[in-house]
Amino acid sequence: MNRLVTASGEWELTRFPHRPQDPLRAWDAADEYLLRHLDETGGPRGPLVVLGDRWGALTTALAAHRPVQISESFLGRSATRENLLRAGFEETAASLLTTRDAPPEKAGTLVVRVPKSLALLEDQLRRLRPALHAGAAVVGTGMAKEIHTSTLRLFEEIIGPTRTSRAVKKARLVFATPDPSLDPGPGPWPLSYVLPEGLGAVSGRTVVNHAGVFCADRLDIGTRFFLEHLPELPGASRIVDLGCGNGVLGLAAALTHPDAEVVCTDESYQAVASAEDTFRANGVAGRAVFTAADALEGVGEGSADLILNNPPFHSHQATTDATAWRMFREARRALAPGGELWVVGNRHLGYHVKLRRLFGNCATVASNPKFVLLRAVRRGR
C-alpha cells in the first residue's frame, strides 16, 4: 500500500489483489501530473469520465466529482472499488463501467490514462466520441515512453486538434479539443481471421478479437506451439482455459472433448468478449461459460480436470511473475485429484521451478528454442 498526495487530499492506494510485499505502486508520475493539472485549472467540468484508470488512483482522487470510470480490467476495477471504500467513499461515489458496457451519453471532461494497446485506445475513443460536445475537455496522461506519434495521431484523427505538454518526471499530458465536424469513419473492431491448417480440431476455424487483445490479427507463436501438443483427456468433464485471451485454446479443448464443460476466464473484459464471440462464430457458444475474474475466482475447489494456461508476464509496463504465480496457486486449488495443469511459456521464465514447488512434480511435454510446454498433476489433497 502507498500514499498518493495531491492538492485535494491524501489517499492510501493498493493494487488488486493486495500483496503486502508488492514493490509496484498503484499510481505513478503520470497520474500525479494529470491530477496536478486538474487542480491548477479549477478541477474537471462534469460529467467526468475516467478511461483506463489502471488501479483506481485517478477515480479515487476525483471521487468528489462522482466520475464514471471505464475499465478494461477486472483487477483494475476491483482495485478501484477497494481504494474508494478505503478512502471513505460510498460505493456510489463512482460508476464503475467496463469497456463492454454502453458508454455514457455525455462527458464534460474525459480523462484518459493512455493504455499499452493503441488498438484499445482507438476503440474506446471512437466509442466515447459521441459523448463529447465542442466545449468538452479531453486530457490524456502517460509516461513519456507510452506516448508516441501514433498515440497523438489517434487523438487528432478521432477527437480533434491535439497537443502535448512538456515532460515532468518522465510523464506527459495530451490535450485534445473535440471537433464536432470531424468524421473518423467506422472503427475496425472486432477483427476476425481464419486459423491455418495443421492445428488439429481448430484448423480452418474462425477467431474473433476485440481491441486490446494480444495478437489480434494473427495466431501468436506460443499458442500455436500449445495447439500442436494439445492434451486429450477423454474422461475430463470440466476444462478451464485460464487467461483465455481470444479463447482459441478453450475452443480446441471444446472440440476435442465434446462431453466436457469448458470455462473461459480472463481478467480482461475485452478478452472474455473475444472468447465468447470466437465460440459463437464456430457454433459452440453453448458449450462454455465465459467469465471475467481474478484467476480462478468462482471456480470451485477440486472441480476441474484440466486447466490450460498461457500466463502473462507483464502488468502494464512492468515485468513480473506475480500473475503467473497466482494462476498456478489457484490452479492447484481448483484441480481435482489427478487433474492436470498444462502451461506454455518462454523458456527463460523458469516456470518449472514454481510448478515443482507447488505441485511436487512437473514434466516437460515439449520444447523448442523459444518455448516450453509443462505439465503438473494435482496429487491427492
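Which elements cover the buried residues of α1? In this predicted model, the cover includes β1 (2–6), α2 (57–61), β6 (107–113), β7 (132–143) and β9 (171–176).

**Figure 1. Close-up of helix α1, residues 29–40.** The twelve residues of α1 reach 16 Å from the first C-alpha to the last, close to the 16 Å expected at 1.5 Å a residue. At the start of the helix, aspartate 28 places a side-chain oxygen within 3.1 Å of the backbone nitrogen of alanine 30. Ala29, Ala30, Asp31, Tyr33, Leu34, Leu35, His37 and Leu38 are the buried residues of α1, and strands β1, β6, β7 and β9 are among the elements that cover them. After α1 comes glycine 42, which has a positive phi, near 90°.

**Figure 2. Parallel pairing of strands β4 and β5.** Strand β4 (residues 68–71) pairs with β5 in the parallel sense over four bridges. Isoleucine 70 has leucine 97 of β5 as its bridge partner. Between the two strands the chain passes through helix α3 (residues 74–86), and this β-α-β crossover from β4 to β5 is right-handed. In a regular strand, side chains alternate between the two faces of the sheet. Strand β5 (residues 95–98) presents Leu96 and Thr98 on a covered face, whereas Ser95 and Leu97 belong to an uncovered one.

**Figure 3. The two nonpolar cores, with leucine 227 as a member of the largest.** In soluble globular proteins, nonpolar side chains tend to be buried together. The largest nonpolar core of this model has 67 residues, and those with the most contacts inside it are Leu195, Phe226, Leu227, Phe279 and Leu308. A second core, separate from the largest, has 23 residues, including Val343, Leu358, Val372 and Ala376. When neighbours within four places in sequence are left aside, leucine 227 is in contact with Leu199, Val202, Leu219, Val248, Leu249 and Ala252.

**Figure 4. Surroundings of asparagine 309 in strand β15.** Strand β15 spans residues 304–309 and contains asparagine 309. The relative accessible area of asparagine 309 is 0%, under the 20% limit, and therefore this residue counts as buried. Not counting residues up to four places away in sequence, asparagine 309 touches Phe226, Leu242, Met327, Phe328, Leu341, Trp342, Val343 and Val344. Of these, Phe226 is one of the residues with the most contacts inside the largest nonpolar core, while Val343 is included in the second core.

**Figure 5. Tryptophan 325 in helix α9.** Helix α9 covers residues 322–334 and holds tryptophan 325. With a relative accessible area of 21%, tryptophan 325 is partly exposed, because buried residues must fall under 20%. Leaving aside neighbours within four places in sequence, tryptophan 325 is in contact with Lys354, Arg357 and Leu358. Leu358 is among the residues of the second nonpolar core. Proline 311 is 14 residues from tryptophan 325 in sequence, and their C-alpha atoms are 9.1 Å apart in space.

**Figure 6. Strand β20 and its antiparallel partners β18 and β19.** Six of the seven residues of β20 (residues 371–377) are buried, and the strand is mostly covered. Strand β18 (residues 335–346) runs antiparallel to β20 and is joined to it by seven bridges. Strand β19 (residues 363–367) is also antiparallel to β20, with four bridges between them. Leucine 374 of β20 is the bridge partner of valine 343 and also of threonine 364. Three residues lie between β19 and β20, which form a hairpin.

How values were computed
Residues are numbered from 1 along each chain as its sequence is written. This is a predicted model: local features need pLDDT of at least 70, side-chain atom pairs count only at pLDDT 80 or more; totals for chains, interfaces and linings use all residues. Side-chain values use heavy atoms; hydrogens and water are left out. The expected span of a helix is 1.5 Å times one less than its number of residues. Buried means under 20% relative accessible area, exposed over 50%, partly exposed in between (1.4 Å probe, protein chains only). Contact means heavy atoms within 4.5 Å. A polar contact is a pair of N or O atoms within 3.5 Å; within protein, one must be able to donate a hydrogen and the other to accept it, and residues adjacent in sequence count only if both atoms are side-chain atoms. A nonpolar core is a set of buried Ala, Val, Leu, Ile, Met, Phe, Trp, Tyr and Cys residues joined through side-chain atoms within 4.5 Å. Two strands pair if DSSP finds at least two bridges between them. A crossover is right-handed if, with the strands pointing away from the viewer, the path from the first strand over the helix to the second runs clockwise.
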